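Welcome! Please open the model in your viewer and keep the selection panel at hand. We will go from one stop to the next.

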Amino acid sequence: MTLAPDLTISGSATIDGATLFAPLTLSLGAGAWTCLLGGSGVGKTTVLRLIAGLETGGTFSGKIMASDGLLVSDRVAYMAQDDLLLPWATVAQNISLGARLRGEKPDLDRRDRLIKRMRLQDHMTKKPSELSGGQRQRVALARTLMEDRPIVLLDEPFSALDARTRADMQDLAAEALAGRTVLLVTHDPGEAARLGQSIVVMTEHGLTHCEPPHAPAPRSVDDLATLETQGALLRLLREGAA
Amino acid sequence: MKYLSALAATLFALVIWQGIVTLTGLPKFILPGPALVAETWWQNRWLIAEHAWITAVEVVIGLAFGTVLGVITALQLANSRAARVLVQPMLVFTQALPVFALAPLLTLWLGYGLWSKVAMAVLIIYFPITSSFFDGLMRTPPGYLDLARTMQASKRSVLWHIRIPAALPSLASGMRLAAVYAPIGAVIGEWVGSSQGLGYLMLLANGRAKTDLMFAAMLTLGVFSILLHMIVRRATAHMAGEAR
Ligand SMILES: Nc1ncnc2c1ncn2[C@@H]1O[C@H](COP(=O)(O)OP(=O)(O)OP(=O)(O)O)[C@@H](O)[C@H]1O
Ligand SMILES: [Mg+2]
């Protein structure tokens, strides 16, 4: 893995001539987690796809730059809102898909360690259709972590998990992705308060920053400052971040 | 349950058939009853088997060639825009031609033997195989392609690891269709010119007013087609993602 860079995305986007989001500047700190919240349809996934260099339905005018001046899109790992597991491949094959697609030998030790940490060891040889929604999401997360990339984009990666597994996976992801530049899209203020080193709320008018707690992430679920931030965030979201 | 209903349907058809024969009192060279056809079938079982074997060989070879050719064509089309621009209209145009009209020509080119019938079967199944597999290759879920792109997959490895596996269920349905069409192709080839095969036998029996033998040969062809369809269905179950 190369060193994680700072990332800046600045510009605006339109879809069929209509404004999707007004000019904004989103900065992602090098090696830090940035959490992006905002109402449905406000353009969070679009921002993620732009950084990943993927097609969006609209037109973006602006710049996406890394502090080291290198290309961004070929250094990202992207976990989409859909799990995108290949139905014909087993769980283990899905997790090591990246290496197979690049014609490399997958690091099987690393894969097996991830599978164990994700509590998927009983499902290794199953097909995705035999898994629950939460299990599928864990496989997709494992596949994303398996890609050893300096920039990681996560689109609601924990949304289908039960409360306990969600907290566990948040801890795991925070540990596994330490030192990387991470952009996490979430609808859960509690999640953002636990994980964010920077927390941003997106509305059609632009971005509003929310002060994260001082403790290092991942913060304990019952940490007072974290709960306070969670409350403040929820209030911000309800006010439409006006 | 499926077998029971098939059995019931067969019995029902036989009863209707016998009913028509009895009620109308048609002479047996116009419409023979099921009992007579069964008797004729049994008496001529070796003759029928010999001709059925010939047809079966034509069909199986035709199916194999047609599938391979269709798969190769679909891959070429999916892989190259130039191929799509040049070949696709041609492919559609050949579908607008009545392929049966080519049968005499095939006999002229390839002779009275096996190969003109194989060619006829290939011609008939080539399009369904090609178009179903090609459609599958072009309709890869875009999310998979996005994922592959962020993983820096080459075009070739996307084809091999994602587009082809995602298109296998479409290919399976093309092959199932082909299993039904291929015997029709072979029999048409036999009608136009041959001295062997179920198609030939049907024509021969018809010409000599042996309608019972004609029915026996035709029903044999029907049973063969159903068997073939079942075998291909089973063989492609894994491709279609039905196996487990
Ligand atoms: N491929 C597309 N073509 C046309 N419009 C699109 C396309 N993708 C997204 N949009 C539109 O762009 C807007 C933003 O979509 P986006 O997926 O970025 O929202 P989001 O903030 O991620 O929402 P959610 O929280 O529901 O996932 C929506 O209004 C959506 O209808
Ligand atoms: Mg989204």
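Helices here are DSSP runs of at least four residues, strands are runs of at least two, and both are numbered from the N terminus. Keep in mind on the whole tour that this is a predicted model.

**Stop 1: chain B**

Select chain B and colour it by secondary structure. You should find 10 helices and zero strands, so a walk along the sequence reads α-α-α-α-α-α-α-α-α-α. Turn the chain about its principal axes: the C-alpha trace spans about 75 × 50 × 30 Å.

Now show the surface. Chain B exposes about 13700 Å², and 72% of that comes from carbon and sulfur atoms. Of its 244 residues, 43% count as buried. If you colour by charge, look for 17 positive and 8 negative side chains; the centres of these two sets are 11 Å apart. Among contacts between residues at least 6 apart in the sequence of chain B, 74% join residues at least 24 apart.

**Stop 2: chain A**

Switch to chain A, where eight helices and nine strands await you. Its C-alpha atoms fill a box of roughly 50 × 40 × 35 Å along the principal axes. How does the radius of gyration of chain A fit that of a compact globule? A compact globule of 242 residues would have a value near 18 Å, and chain A agrees, because its own value is 18 Å.

Buried residues make up 52% of chain A. The chain exposes about 10700 Å², with carbon and sulfur atoms supplying 51% of it. Charged side chains number 26 positive and 29 negative, and the centres of the two sets lie 5 Å apart. For contacts in chain A with a separation of 6 or more, residues 24 or more positions apart account for 69%.

**Stop 3: the magnesium ion**

Select ligand 2, a magnesium ion, and show the side chains around it. Which protein atoms are its donors? They are OG1 of Thr45(A) and OE1 of Gln81(A), lying 1.9 to 2.4 Å from the ion. This pair links distant parts of the chain, 36 residues apart: Thr45(A) belongs to helix H1 (residues 44-52), while Gln81(A) sits in the loop between strand E5 (76-79) and helix H2 (91-95).

Are these two donors buried or partly exposed? Thr45(A) counts as partly exposed because its relative accessibility is 24%, and the cut-off for buried is under 20%. Gln81(A) is partly exposed too, with a relative accessible area of 42%.

**Stop 4: helix H1 of chain A**

Stay with Thr45(A) and extend the selection to all of H1(A). This helix is mostly covered, with eight of its nine residues buried. Among the buried ones are Lys44(A), Val47(A), Arg49(A) and Ala52(A). Step past the end of the helix and you reach Gly53(A), which has a positive phi, near 75°.

**Stop 5: Ala66(A)**

Finally, select Ala66(A), in strand E4 (residues 59-66) of chain A. Ala66(A) has a relative accessible area of 11%, so this residue is buried. Leaving aside residues up to four places away in sequence, Ala66(A) touches Pro5(A), Asp6(A), Leu7(A), Val72(A) and Arg75(A). For a last look, draw a distance from its C-alpha to that of Met79(A): the two are 13 residues apart in sequence and 20 Å apart in space.

Note on methods. Residues are numbered from 1 along each chain as its sequence is written. Chains are lettered from A and ligands numbered from 1 in the order in which they are written. This is a predicted model: local features need pLDDT of at least 70, side-chain atom pairs count only at pLDDT 80 or more; totals for chains, interfaces and linings use all residues. Side-chain values use heavy atoms; hydrogens and water are left out. Donors are N, O and S atoms within 2.8 Å of the metal (3.2 Å for Na, K and Ca); water is not among the atoms, so sites may look incomplete. Buried means under 20% relative accessible area, exposed over 50%, partly exposed in between (1.4 Å probe, protein chains only). The radius of gyration is taken over C-alpha atoms; the globule rule is 2.2 Å times the number of residues to the power 0.38. Contact means heavy atoms within 4.5 Å. Accessible areas come from the Shrake-Rupley method with a 1.4 Å probe; for residues, only the protein chains shown count as cover. Lys and Arg count as positive and Asp and Glu as negative; His and the chain ends are not counted. The place of a charge is taken as NZ of Lys, CZ of Arg, CG of Asp or CD of Glu.
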